[in-house]
Amino acid sequence: MKLTRRMLLLGTMLSAALSMPSTEALAQNADPVQVGLIAPISGIYARPGTVMRMGAELGVEDVNAAGGIECLNGAPLELVVIDSGDSVEKAANAAQRMVADYPGLVAATGSYLSSFTLAVTEITERANLPVLTLSYSDLITGRDFKNVFQTSATSGAQAEIALPIIMNLAEEQTGKRPKTVAVITDNTAASLSSVERMKKGLLADVGLELVSEEVFTPPLSDATSLVQEIRARRPDLLFFLPTVISDSKLILEKMQEFRVKVPTISFGIAIAEPEVLNTMQAELLDGVMSAVANWGVKGQEGLIKRLNEVYGEPWMTQNAVSTYGDMWLLKAALEKSCSRDREKLAETLRTSNFGPSQYYPGGTLSFDASGRREGASLTIIQWQNGVPVTVFPEEMAVSAAKWPSE
Amino acid sequence: MTAVLRSLLPYFAFAAVYLLIAAFVTNSYYQLIMTLVLVWASFGLSWNMLSGYTGLVSFGHASFFGLGAFSTVLAQTYFGISPWIMLFVSAAIGALAGVAIGLPTFRLRGHYFALSMLAYPLAMLYVFQWLGYPEVTIPRVLDKPALYMQFSDGRIYTAIGLVILTIIVVITRFVEQTRFGMALIAIKQNELAAESAGIDTLAWKLKAIALSGAIAGAVGAFYAVVILVITPQSVFGMLVSAQALTVAMFGGPGTVWGPIIGAAFLIPIAETLHAELGNVLPGIQGVVYGIAIVLLIILAPEGIFWKVRDHLRNRQPKETAALAATAAYASSGNSTKPVQSHPKHTISDEILLDVRDITKRFGGLTAVNNVTFQVPRGIILGIIGPNGAGKTTLFNLLNGFQIPDTGKVILNGRNMVGQKPHRLCMSGVGRTFQIMRPFKRMSVRDNVKVGAYVHAASEDEAEQIALQALRDVGLEDVADRVAGTLTTKQLRLMELARALAGRPDLLLLDETLAGLGSEEAADVVAVIRELARRGKTIVIIEHTMQAMVQLVDRFLVLDHGEIIMQGSPEEVTRDPRVIEAYLGKKWGADA
């Protein structure tokens, strides 16, 4: 008797549990559309991840203020933030959790570091979740994946675009072309693919001889030997590819300490984060240039101002602007697919062209078969008067470029 | 084999329940965790195979794990080889790496061994980074994914993981119950004693590390398949080796259950903390996890399994244990008393052991200087001398612990200098130790059985020999007690039985009577005399003469590493040099 009553109770509970999804489905139309941000919120990459979140939050706010997804009865976007941690393993683990715990996600953006994005997309690809990424590595879109969309120019492409510009600038302003170059790079996937591409022809194409290549694992504890090497080799140029802010600081400080004054061109944004100013004097940074996939440009003054007012950010880095742009791109795609189905959304992203890009430099809002944004270019920024400003492309430039003098 | 399987019934019940639970888990993340629990339990068992049983703590098991993981990913990437095949290849790679690492590293002991093991995975980590593999992924196969161990349903991985774990558990239990495991446990408890009991410690340790490496390699291969993305840091890193160590230590090393319990507790806790707290306060999960481990180590330093087992054992059969102890006392007393009527033993003319001019120096100190003597078969020879006279060093030279600088040790006509202790044991030299070296956690029977393997072809035979040896010394009633609970006298007798189990011609007894009251000493003396009557040749060291005078046929007196005299007990006790050596010049002159 007792047993049957308990079974009855269990049965009721079970049927209640089973019937829940259907009632949910009925009410779903008014529900927000979930989009994910999977980025490092803790650990040594927390800072860029946090800035991505700022961009995403502003993006969601603006999309919702503009009426949400009209096609879905004005459903608002809802941001789900997942911490990818500070290692590849943690990022992969976080991606597992994301796809398991948020079945309602239609798309995600992430994950700052290319190595993390590579790991995360291995998992999202199998879950058919479309992911937009601002990471650079060529590998990300070199795997025949169907659900990865790279909004930045890839590392290889960036180096290809940036090198001739840099060489011309040097010649224009100093009267002679640099002949030798040294490379200091960390061993993250994006940095390594840039260097790889340079060594496989790009340097030769612009007439540069590689005199020294040093690879380190972040975080760096001492930069002495790296800088000693540069001092000994006396190259005309230094290409510098850090990913962690503290690493870039450490190396620049060491260069100052040793009075190594080689014109330094960085790749990536680690050298242009506001934190750099916490320990370095602005005038010491003056003239340092960096090739980055995206940056606050002419015409985005309003957004830059809001970022400053809401979050206290002094300027807008790639992490903020690209992730902000991702929200608008997702809105456009959702309007077109007019569905909460992630596979339909991926299909739309693969096949549509949403016109000229507003928040990513160059090209259009469309992707080629491998998932690379068509016509993606980059920005070159330079520290001028304590602020890293965009100096290329000229039509978006906030200021003119000045060759760093020795 | 059936006994092994029967002993694992609780495990099979556990596996069935686990599989049942897994079948109802639909959240893919929890499916992953359920698989990872099995992966880390298996990896913990791999660590346990070497470190849990031999006590040689390895901080470097990530070497084997990482090699397995990387080989599997690279083999599929470059050659299209399926992980199903790589599972076995990785095991072979792990075994080879085990032997390659073990050969040089087993020369070290204790902390030195642990620390040098740490170096291997760290070195490999940099090698793989340098080779250009900062991050590798299992290529996705769309055509017939099952052939490449790729499934969209995470529960299938849990099932595969469970099969792998089961195989490892069966292997482990099999090892545990045969001479393999016995040898490893003996090595853990006391490597010197194991060696002198006829165990070729280096060979067993190499077998253990090869097996352990094979398991770790296979587990690493499976891990790579499950986790998809691996980096040198994620498979060779410190945390990987630590993971094996943590789950095994947490659950209790030296048992099949330890790593399973450890993994089943720690992995879900760590992951849940990560998932639940990680987003609220990033990094806090590490703090909570750390505190949990610290607490556990304080509360149950030997691991959950041993803590619980000791707790249950202490509580339930206390009375029966006490009864057994009194019974043992009574019976051991009974069995030895009748023998006390000085049985005769015969000394033959045949020379069993011929020691010629052996010398051993430690730096400036000559511990044994030009010692020459002969031991006829059947004799009880007493070696006496004050503390520091070189008695124990002499024994160490005779049973191979140390190699003499000069001279010969001829046993049955063969020079044995330079032979390892377990070889000498096989050739018929058994010994006991001044400081007793019991295998404390093992039963008395198993303690003795370890010594019986030298000449036993099977487990049964070893069992028979061990029982006979226990009977010979009158300990058969305490055979099933754990050695740690014995009295000093019983321990002395157990050591004697262990030496006897090796069926030695020559027994070297190092201060067997030390620490015994006169009555207890008399019991032990009776046992030794009975052994001599049955034809054993015995050399015994003592520094007190009293009990010895009654026992030995002949004395050999050592002082400052030299023989100062040999002779019958009567001659020796009267000799002024002996009195001088023991009591000083003044007394010698007076006498």
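**Reading a predicted two-chain model**

Modeller: Let us start with overall form in this predicted model: a compact globule of 406 residues would have a radius of gyration near 22 Å, and chain A, with 23 Å, agrees with that. Along the principal axes, the C-alpha atoms of chain A fill a box of roughly 90 × 45 × 40 Å.

Biologist: How many helices and strands are there in chain A, and what percentage of its residues is buried?

Modeller: Chain A has 13 helices and 14 strands, and buried residues make up 52% of its 406 residues. For contacts with a separation of 6 or more in chain A, 67% come from residues 24 or more positions apart.

Biologist: How many residues does each chain bring to the contact between chain A and chain B?

Modeller: The contact takes 21 residues from chain A and 19 residues from chain B. On the side of chain A that touches chain B, helix 3 (88–101), helix 4 (114–126) and helix 6 (189–205) each supply at least two residues, and the largest share, eight residues, comes from helix 3 of chain A. By character, the residues on this side of chain A divide into ten nonpolar, six polar and five charged.

Biologist: Turning to a single residue, where is Lys420(B) found, and why is it called partly exposed?

Modeller: Lys420(B) lies in the loop between strand 7 (414–415) and helix 18 (421–426) of chain B. A residue counts as buried with 20 or more other C-beta atoms within 10 Å and as exposed with 12 or fewer, so Lys420(B), with 17 within that distance, is partly exposed. From C-alpha to C-alpha, Lys420(B) and Asn399(B) are 8.1 Å apart in space, although 21 residues apart in sequence.

Note on methods:
Residues numbered from 1 in each chain as written. Chains lettered and ligands numbered in written order. Predicted model: local features only at pLDDT ≥ 70, side-chain atom pairs only at ≥ 80, totals over all residues. Helix = DSSP H or I, 4+ residues; strand = E, 2+ residues; numbered from the N terminus. Contact = placed C-beta atoms within 7 Å. Nonpolar A, V, L, I, M, F, W, Y, C, P; charged D, E, K, R; others polar. Rg over C-alpha atoms; globule rule 2.2 N^0.38 Å.
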